[in-house]
Structures are given as C-alpha cells and as structure tokens.
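Please look over the sequence and the structure shown below before reading on. The report then takes up a single residue, a single helix and finally the chain as a whole.

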Amino acid sequence: MAKSATEIPVPDLTGKLAVVTGGSDGVGLGLAMRLAGAGAEVVLPVRNPRKGEAALTRIRERHPAATLSLRRLDLSALDSVAALADQLLAEQRPIHILINNAGVMTPPERQTTRDGFELQFGTNHLGHAALVGRLLPLLRAGRARVASQISVAANQHAVNWDDLQWERSYDGDKAYSQSKIAVGLFGLELQRRSEAGGWGITSNLSHPGVAPTNLLAARPDLGRDRPTPRARLIRALSARGILFGTVDSAPQSALYAATAPGAAGGRLYGPSGVGHFAGPPAEQKLYSRLRDAEDARRLWTVTEELTGVRFPATETTASA
C-alpha cells in the first residue's frame, strides 16, 4: 500500500501496551492500525462491539501478527468507565500509551449523558478524565505517554463557567468548543501534576486538523439524520486536495504526540499546513484558551467533583 505523504514514522513499540478510545473507526482506527503495525499490543475500548470486531478484522488484514483486544466502554456513562478501569487494573498490565481520542460533536439539540451531564462535556472531557484518574496506577507503572485529542474548535469560544452543562442556553458549537478546551486544560494540568508529584506520566495534546471523519456524519442517535453541510463541504474539498486533510492524514498528529521521541509533555501538536487544517504534524503554539493555569486548576477541581474520581494531591495542589 502506498505511503501517505503526511504519514510519519513510528518507533518500534514491541512490548508496549496501548489503549486507544474511539478506535472502531475514523481517526481512532487509523491510530490503532499504526500502533499495531509498530508492534504494540493494542486495547480498543468501544461502545459498539460489532464495529469493534470489524475494526479488529481490518487491522489483522493489514497486520496478521497484531495483538489486539476489545473492551466495552461508553464514555458517556461513568459506571462504564469504572468497569473498564476495574478490568484493566485486575489484569495489572502497565499501560505505556493512552490516546484519548473518542468524541461526539454538535448534536443539534441538547442531550445528556447517563449521569446527567451535557453530552459533549460529559463524553469528550469528563469520561476521559475519569478514565485517566482510574487508570492512574497503570499509567504510572508504564511511565505512560497520554495524548489527548482536542480540536481547532478549542481555539474558539470559551468555557461556560456559569452554566457548564448548558442548561439555560444550549449552543452545539459553543458546547463542543468548551468540551475540547476542557480536554486541553485537563491534559496540560495532568502534565503539571505529574511533574510535581513524580508520577512519570508525559501528557500532551494533539489535534487532527480538519478532515472528513465521522464526527459530522449522519448520527441518528445524536438527532442528525444526514451529514451536516459543513461535513459535505469538508468532504468535497478534501477529495480535491484543497485546504483540508484526509482520513489518512488526520491521525498523524496524535500518533506523533503519543509515540515520537521528541514529543514533549505540555505541548500541542497539529498539522503544519495552511490554517493548521492539514499537513505533516508539528508543534504548535498553545491556543489562548489553554494558557491560563488557574483555569486548568479550576477545571481539575470541578472535574474531580463531578466525576467522583480523585487524583493524588501534589505540591501544585496545595499551592493552588
């Protein structure tokens, strides 16, 4: 198979255990494919087992010797996050790579998770934060690289501190931006606390640029019966090689953040082309919404309260 012009090299990952959320299709499947091809054992926590099995089949077609396993995970349900973590903790296998990739985007009407949180905030941020917290012993044991997938949307709008669950004035785009800003703030604070507490975890951020993935496709479960006009435009321009990336290029930044020897903690990696929509991955300037450490500490505290998952105290906690 021809190599994509934006495809980056991946170091040998033999003996490493990698966990990729949202790995049953799109960007997540691309990530799992490359990690498995580099020798990592890949765990795919999925909400839909049928799609998960199809993903395993596709990976094994390309990499017959790959070591893969499926687990059940619904990031919109904290009890599901806890069940997955309990299962992995019982296996006592250090985790070396965790890519927080799964997400939902812009349901036209406000929806909530099983726990009552706005769907995007609850799934994209709270579910992943709870997963990191519950898996912390395994992440520390593996001196893990934790790469959290944000979005160009994290450079827009703001955290709606007065109405985090968007109960009073729901706006799908603004709520999506908030969820991705939260992912970014949390990932950066994880790096700070790992450094202060000696956790040995490297936490950084990535974004895929803009590509025709499934985030804006028809999703009847989200109240979207057809692809959005934005999705149709992105698909059309991507197919012509104009401005936007492709399904093959979209995973590269997260792959770089999670595996490249030079990818550092507390940094953001994304496509290096025009507008950072496409192109090979490179380090980028942190978005303005992600630079306030006080916002990050505030979000961390709120996240612990909402999820009920507590992290160890560090010196930065005491001084915050």
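Does Gln120 count as buried or exposed, and what is its relative accessibility?

## The setting of Gln120

In this predicted model, Gln120 has a relative accessibility of 0%. Residues count as buried when they have under 20% relative accessible area, and Gln120 is therefore classed as buried. Along the chain, Gln120 belongs to helix 4, which is made up of residues 119-134.

Leaving aside residues up to four places away in sequence, Gln120 touches Val104, Met105, Thr106, Pro107, His125, Tyr170, Gly172, Ala175, Tyr176 and Ser179. With one of these residues, Gly172, there is also a polar contact, in which the side chain of Gln120 reaches the backbone oxygen of Gly172 at 3.3 Å. Lys180 lies 60 residues from Gln120 along the chain, yet the C-alpha atoms of Gln120 and Lys180 are separated by 8.8 Å.

## Helix 2 and its two sides

Helix 2 runs over residues 49-62, which makes 14 residues, and at 1.5 Å a residue it should span 20 Å. The C-alpha atoms at its ends are 20 Å apart, so the model agrees with that expectation.

Which residues of helix 2 are buried? They are Gly52, Ala55, Leu56 and Ile59, and because they cover an arc of only 100° around the axis, they lie on the same side of helix 2. The cover over these buried residues includes helix 1 (26-37), strand 2 (41-46) and strand 3 (68-72). On the other side of helix 2, by contrast, Arg50 and Glu61 are exposed.

The N-terminal end of helix 2 is capped by Asn48, which has a side-chain oxygen 3.0 Å from the backbone nitrogen of Arg50. Arg50 thus appears twice in this description, as an exposed residue of helix 2 and as the residue whose backbone nitrogen takes part in the cap.

## The chain as a whole

The chain contains ten helices and eight strands, and of its 320 residues, 54% count as buried. When contacts between residues at least 6 apart in sequence are considered, 73% of them join residues that are at least 24 apart.

The area that the chain exposes is about 13600 Å², and carbon and sulfur atoms supply 49% of this area.

Definitions and conventions. Residues are numbered from 1 along each chain as its sequence is written. This is a predicted model: local features need pLDDT of at least 70, side-chain atom pairs count only at pLDDT 80 or more; totals for chains, interfaces and linings use all residues. Side-chain values use heavy atoms; hydrogens and water are left out. Helices (H or I, at least four residues) and strands (E, at least two) are DSSP runs, numbered from the N terminus. The expected span of a helix is 1.5 Å times one less than its number of residues. Buried means under 20% relative accessible area, exposed over 50%, partly exposed in between (1.4 Å probe, protein chains only). The arc is that of the directions from the helix axis to the C-beta atoms. Contact means heavy atoms within 4.5 Å. A polar contact is a pair of N or O atoms within 3.5 Å; within protein, one must be able to donate a hydrogen and the other to accept it, and residues adjacent in sequence count only if both atoms are side-chain atoms. Accessible areas come from the Shrake-Rupley method with a 1.4 Å probe; for residues, only the protein chains shown count as cover.
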